[in-house]
Amino acid sequence: MTDTSATSAAPAVKSLPQDVARAVELMHDRKAKDVVLMDLRNISSATDFFLIASGTSDTHVSSIADNVVDGLKQEGHRPLNVEGERGGRWILVDYFTFVVHVFHPAAREFYQLERLWGDAPIHKMEPEGA
């Protein structure tokens with residue numbers, strides 16, 4: 001995996017767009033595991049950031065993704081697309097400038113998104129106070 005800097009949410013979030021920072025908070029509100037931010041701004045023209053997290057079960061994965069969608073919708077941010085809701089193994093929520101990926105641990109290990117862009121800076125996003 002790329003060099004991962006362990007950064008607490010507070011310092012890293014200050015430099016993030018508000019909607020991305022809010023998505024991180026919403027993931028942590030539902031006890032998402034292993035939340036990482038991949039900065040793709042200088043690497044991909046598809047999106048600026050990937051937010052990747054794991055849930056402990058299909059239900060937990062769905063709960064995390066639903067909380068992000070519902071929380072951001074209340075603030076006026078609607079996703080362009082949501083995929084994988086029926087299966088609960090990998091839910092992708094596309095906000096154009098950032099994409100949220102919530103995985104069941106086995107699916108995350110299988111797809112290894114963190115390794116797709118070896119040059120992307122990856123930051124571990126810890127909940128505040130962790």
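**Burial, backbone and helix packing in a predicted model**

Tutor: Let us start with glutamate 85, which is found in the loop between strand S4 (81-83) and S5; please keep in mind throughout that this is a predicted model.

Student: Why is glutamate 85 called partly exposed?

Tutor: Its relative accessible area is 47%, and since buried means under 20% and exposed means over 50%, a value in between is called partly exposed. Glutamate 85 therefore counts as partly exposed.

Student: Which residues does glutamate 85 touch, not counting those up to four places away in sequence?

Tutor: Glutamate 85 touches Ser62, Asp66 and Ile91. Along the sequence, glutamate 85 and valine 61 are 24 residues apart, while their C-alpha atoms lie 9.1 Å apart in space.

Student: What makes histidine 28 count as buried?

Tutor: Histidine 28, whose place is in helix H2, has a relative accessibility of 12%, and because the cut-off for buried is under 20%, it falls in that class. Leaving aside neighbours within four places in sequence, histidine 28 is in contact with Val35, Met125, Glu126 and Pro127. Of these, glutamate 126 is 98 residues away along the chain, yet the two C-alpha atoms are separated by 8.1 Å.

Student: Which other residues of H2 are buried?

Tutor: Alongside His28, the buried residues of H2 are Asp19, Val20, Ala21, Ala23, Val24, Leu26 and Met27. For the protein as a whole, 45% of the 130 residues count as buried.

Student: How do you know that the span of H2 agrees with what its residues should give?

Tutor: Helix H2 (residues 18-29) has twelve residues, and at 1.5 Å a residue these should span 16 Å, where the expected span is 1.5 Å times one less than the number of residues. The end C-alpha atoms of H2 are 16 Å apart, so the expected value and the computed one agree.

Student: Why is H2 called oblique to H3?

Tutor: The axes of H2 and helix H3 (residues 58-74) come within 8 Å and cross at roughly 140°. That makes H2 oblique to H3, because an angle has to be over 145 degrees to count as roughly antiparallel, and 65 to 115 degrees is the range for roughly perpendicular. The crossing of H2 and H3 is right-handed.

Student: Which residues of H2 and H3 meet?

Tutor: From H2 come Asp19, Arg22, Ala23, Leu26, Met27 and Asp29, and from H3 come Ile64, Asn67, Val68, Gly71 and Leu72.

Student: What makes the phi of aspartate 34 worth a remark?

Tutor: Most residues other than glycine have a negative phi. Aspartate 34 is not a glycine, yet has a positive phi of about 50°; this residue is found in strand S2 (residues 33-39). Lysine 31, just after H2, also takes a positive phi, of about 60°.

Student: Why is aspartate 34 called partly exposed, whereas phenylalanine 96 is called exposed?

Tutor: Aspartate 34 has a relative accessible area of 46%, which lies between the cut-offs of 20% and 50% and is therefore called partly exposed. Phenylalanine 96 stands at 55%, and because exposed means over 50%, this residue counts as exposed. Phenylalanine 96 lies in the loop between strand S5 (90-94) and strand S6 (98-103), and has a positive phi of about 70° although it is not a glycine.

Methods. Residues numbered from 1 in each chain as written. Predicted model: local features only at pLDDT ≥ 70, side-chain atom pairs only at ≥ 80, totals over all residues. Heavy atoms only, no water. Helix = DSSP H or I, 4+ residues; strand = E, 2+ residues; numbered from the N terminus. Buried < 20%, exposed > 50% of the residue type's maximum accessible area, 1.4 Å probe, protein only. Axes fitted to C-alpha atoms, helices over the stretch in contact; angles between N-to-C directions. Parallel < 35°, antiparallel > 145°, perpendicular 65-115°, else oblique. Left-handed = near helix turned anticlockwise from the far one by under 90°. Contact = heavy atoms within 4.5 Å.
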